[in-house]
Amino acid sequence: MLNESTQRFHATFDLAPVGIVHMALDGQFLLFNAQFRDMLGYGDDEISSLTIHQIAHPDEGADFGPTIARLLAGPEAFSHRCDRRYRCQDGDFIWTSVAISLVRDGRQSPKHLIAVIENITARKQMEHALRQSERFMKSTIDALSQHICVTDEDGTILTVNKAWQEFALENGVLLGAAWERKNYLAIHEQAADMGTHDAGVLAAGLREVACGVRDEFNMGYRRNSPTAQRWFTVRVTRFPAGGATRLVIAHEDVTQTRQAENELQYLVHHDKLTGLPNRSLLQDRLRQAIVHADRYGYRVWVIFIDLDRFKLVNDTLGHKAGDCLLNTIATRLKLVLRGTDTAARFGGDEFVLILSECFEEGLAPSILHRVMSTIAEPVVIEEQEFFLSCSMGIAVYPNDAADPETLVDHADRAMYRAKELGRNSYQFYAAAMNEFSLERLRLEKHLRNALERDEFILHYQPQVDLTTGEIVGMEALIRWQHPELGMVPPDQFIGLAEETGLIVPIGAWVMRTACAQNKAWQRSGLGNLRIAVNLSARQFAQENLVESVASVLAETGLAPQLLDIEITESIVMTDVEEAVNTLNAFKALGVKLSIDDFGTGYSSLSYLQRFPIDVLKIDRSFVADITEGADKGAIANAIIAMAHNLGIDVIAEGVETEAQCDTLSQNMCDQIQGYWFSRPVAAETIETMLQEKKTLPANLLRLRAPQRTLLIVDDERNVGLALRRALRSTGIRILMARSGREGLELLAENRVDVILADQRMPGMTGVEFLRTAKQKYPDTMRIVLSGYTELQSITDAVNAGAVYRFLTKPWEDDQLRKHLEEAFAHKEMVDENRRLNLIVQTANKDLAASNRQLRNIVAQKQGLGGQPLAIGQRMEREDASEVATDDRQ
Ligand SMILES: Nc1nc2c(ncn2[C@@H]2O[C@@H]3COP(=O)(O)O[C@H]4[C@@H](O)[C@H](n5cnc6c(=O)[nH]c(N)nc65)O[C@@H]4COP(=O)(O)O[C@H]3[C@H]2O)c(=O)[nH]1
């Protein structure tokens, strides 16, 4: 029985797949199975001579003692398990898993140890390899710049990489190791609940990947912080990991790339200089506006803006100044629009506005005026003020075109038409505009034949001297008498002639005819008049211009100083250097030079000084304002003072009323030209005028003894008549008005010294009227005639300076005359002071003119080697017998 059991034991002992050893308590091997022997590779004898200490790994050999101690101290069935390394016969160590138990005898005394030893080297190696691989993986994902987070399928974070930790730290998401045990999904669901849209999308995507609905999910994630906006890409990928599911979430901060992309997009769609949308974005916005308009029944207005004479700023002040100006205009345009509108830069000095979401049939003129006035505000560049105007063309969707390109094109055409019609205005596109192009073609055909067919004539408009009252010159103005079209005014064909180049032969005809006519007048004894001829830009740019004028003078025999060449500011400012050369050459020839329409372009004083100009012609728009009171007349007065300082004469154009003439005369303007004295008329009419010696009335002359003028404003006719009677003997010129409004009209037309206004008038009281009169005509002496009852308002007006004196009704004639005498005397004293000032100014002007002439002569001699001067001098000598020496002609 025992034998059988011993046999069974040995069989089990030897066949066991693990090593089994019996050891003495000191580690001596007592019994071991074949598995143990083979595991270590020792021979049976070798093992019997060894102890476990001898084959234990040096790092672990010392562990045996404590193990035994624990077994001895432990309960009966206690066994100890550990992993240990043992040296094999070849010297290598193997990893084993050891389970040791203590065998006790019947008295419970320790007998020996039994160890079951399993070779786990392969497992240990695998574990090691796995650890290595994990370490490698960790350092790999740590090296990635993407933020990586691995979760289980519920979203619980298992691990994160270094970049993720840093990101979390930076963004205050989860601090330090706080990510552990957190749930990525829950965090995002919570953020979604708080309104973060992208967090909601990410949570939903994550759930789908976790459930296996998809293997991967990608999205762009925008994160807004109060200081910055950041963009991320997020990718969620699903991985099976030993039966479990792992979700790898990788996000990458693509803010820089995104910003660069945005910048690129911005650059592609915006104008670099002004930051406004460019052409391509304009088309896009227009397309959107049209779609929107179709849906909601809106209209879309397109306004095409072109800055008038912008090129001049660029050419005269350089591109930097031009850029600055464009920027200012762009900023202003943005400010006049609503949020839904667009202002775009179309190119150069062209802007386009889109006004969308408009229900109204028509476009409110106020918006157009707002745009025009915002552009018209002065722009200060290098401490100089510049004034710009613009021409605008307007087209509307759906009426004028159905697509963005055609809409803009039509608005552009309308703008072109506005320019044609005199700039600083706007035109609506109308289908008729296409007809306009055809009309132009027809006109051009006629114009080409006009010279040959002798259809042009010249009209002449007198220029009158404000000191002598005499006609001293004429402006030659062309007229086209077409057999079918009738009398075509120059405004309608000069532009076309300019564009087609026809202006050159036409201009040459004008020059020849005007000079010949002037010479003819001179020969008939009508005096030495100056004849002014307009030169257009194209003529001015002609290469042989000066020579051709010289040959006309030679041909007609007209003295050069009797020819006045009129050019506009814009012509000379286009190419300043070239203009200075041409003007100097003209000066050398001896002709006079005028700047026409002064004040409407770039009235740059510094340049004006460089041009050898004799005359400035104040544009009629300023003259129209001159009697409108101190503010409005200021520009004309400033031009006069400035020109005089430079020694330049001033002619005021477009004088239409006596009052304008009077004001100009008082302000020392040199000459006037305008409908009030004479419209442009045929040569024969001029002859009659000259023969009859038509002059200005003496009371309008510059240095005259002024005639006292009184304006009486009273609604009661009898009172007016009584006042007139009382003043009959005084020789005062009396103007009568029945209301304040009528009084203001008379003030606009006439020069008035003293105003006598009744207080009680319907509509406007005397004090109200005098307050307005004070604002517009501060030099007038203002007297109110009243009863005592209105005393308070009159006293207020006196204190405010609106009323000089108040007289009571009924008045005593003597007293009234005395008061009026005082008022006139006071006014005359003020006038006299001003007159003396102006006389000093005129003297200064003459001095400046002499200096200027001297400078011109020196400059010509130095610059032109005396050659052209000789022509002028020769002509001057030939005409010496006929030409007066007064340089101010
Ligand atoms: N409202 C008003 N207008 C007044 C008054 N006095 C004169 N005018 C008008 O003002 C214009 C003055 O000529 P501009 O400024 O040189 O302006 C001229 C000039 O730029 C151009 N032009 C005329 N003749 C010629 C020419 O022979 N050659 C060239 N190149 N241009 C010419 O055509 C423009 C218009 O000439 P016009 O129609 O003759 O118009 C003339 C004249 O008739 C007034 O009191 N009130």
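In which hand does α13 pass α14, right or left? Here are some notes on that and a few other spots worth a look, bearing in mind that this is a predicted model.

1. Let's take the opening question straight away: the crossing of α13 past α14 is right-handed. Helix α13 covers residues 319-336 and helix α14 covers residues 365-376, and their axes lie 9 Å apart at an angle of about 155°. Angles over 145 degrees count as roughly antiparallel, so α13 is roughly antiparallel to α14.

2. Now for the residues behind that packing. From α13, the contact draws on Ile 329, Arg 332, Leu 333 and Val 336, while α14 brings Ile 367, Arg 370, Val 371, Thr 374 and Ile 375. Sorted by class, this contact has six nonpolar residues, two charged ones and one polar one.

3. A second helix pair is α18 (residues 503-523) with α20 (residues 545-556); their axes cross at roughly 30° and come within 9 Å. This crossing of α18 and α20 is right-handed. On the α18 side you will find Met 511, Arg 512, Cys 515, Ala 516, Lys 519 and Arg 523, which meet Val 549, Val 552, Leu 553, Glu 555 and Thr 556 of α20. The class count for the contact of α18 with α20 is six nonpolar, four charged and one polar.

4. On to the ligand, which is surrounded by 23 residues; Arg 479, Asp 596, Arg 620, Glu 656 and Tyr 675 are the closest. If you want distances to check, Arg 479 places a polar side-chain atom 2.9 Å from a ligand oxygen atom. For Asp 596, an N or O atom of the side chain is 2.8 Å from an oxygen atom of the ligand.

5. Asp 597 deserves its own point. A polar atom in its side chain lies 3.3 Å from an oxygen atom of the ligand, and the residue sits in strand β23 (residues 592-598). Its backbone is worth a glance too: phi of Asp 597 is near 50°, a positive value in a residue other than glycine. Most residues other than glycine have a negative phi.

6. Finally, two peptide bonds to inspect. Tyr 397 and Pro 398 are joined by a cis peptide bond with omega of about 10°, and Pro 398 belongs to the loop between β16 (390-397) and α15 (404-420). The bond from Lys 809 to Pro 810 is also cis, with omega near -15°; here the proline, Pro 810, is in the loop between β31 (805-808) and α32 (813-864). For context, most peptide bonds are trans.

Note on methods:
Residues numbered from 1 in each chain as written. Predicted model: local features only at pLDDT ≥ 70, side-chain atom pairs only at ≥ 80, totals over all residues. Heavy atoms only, no water. Axes fitted to C-alpha atoms, helices over the stretch in contact; angles between N-to-C directions. Helix = DSSP H or I, 4+ residues; strand = E, 2+ residues; numbered from the N terminus. Parallel < 35°, antiparallel > 145°, perpendicular 65-115°, else oblique. Left-handed = near helix turned anticlockwise from the far one by under 90°. Contact = heavy atoms within 4.5 Å. Nonpolar A, V, L, I, M, F, W, Y, C, P; charged D, E, K, R; others polar. Near = heavy atom within 4 Å. Polar contact = N/O pair within 3.5 Å; in protein donor to acceptor, adjacent residues only side chain to side chain.
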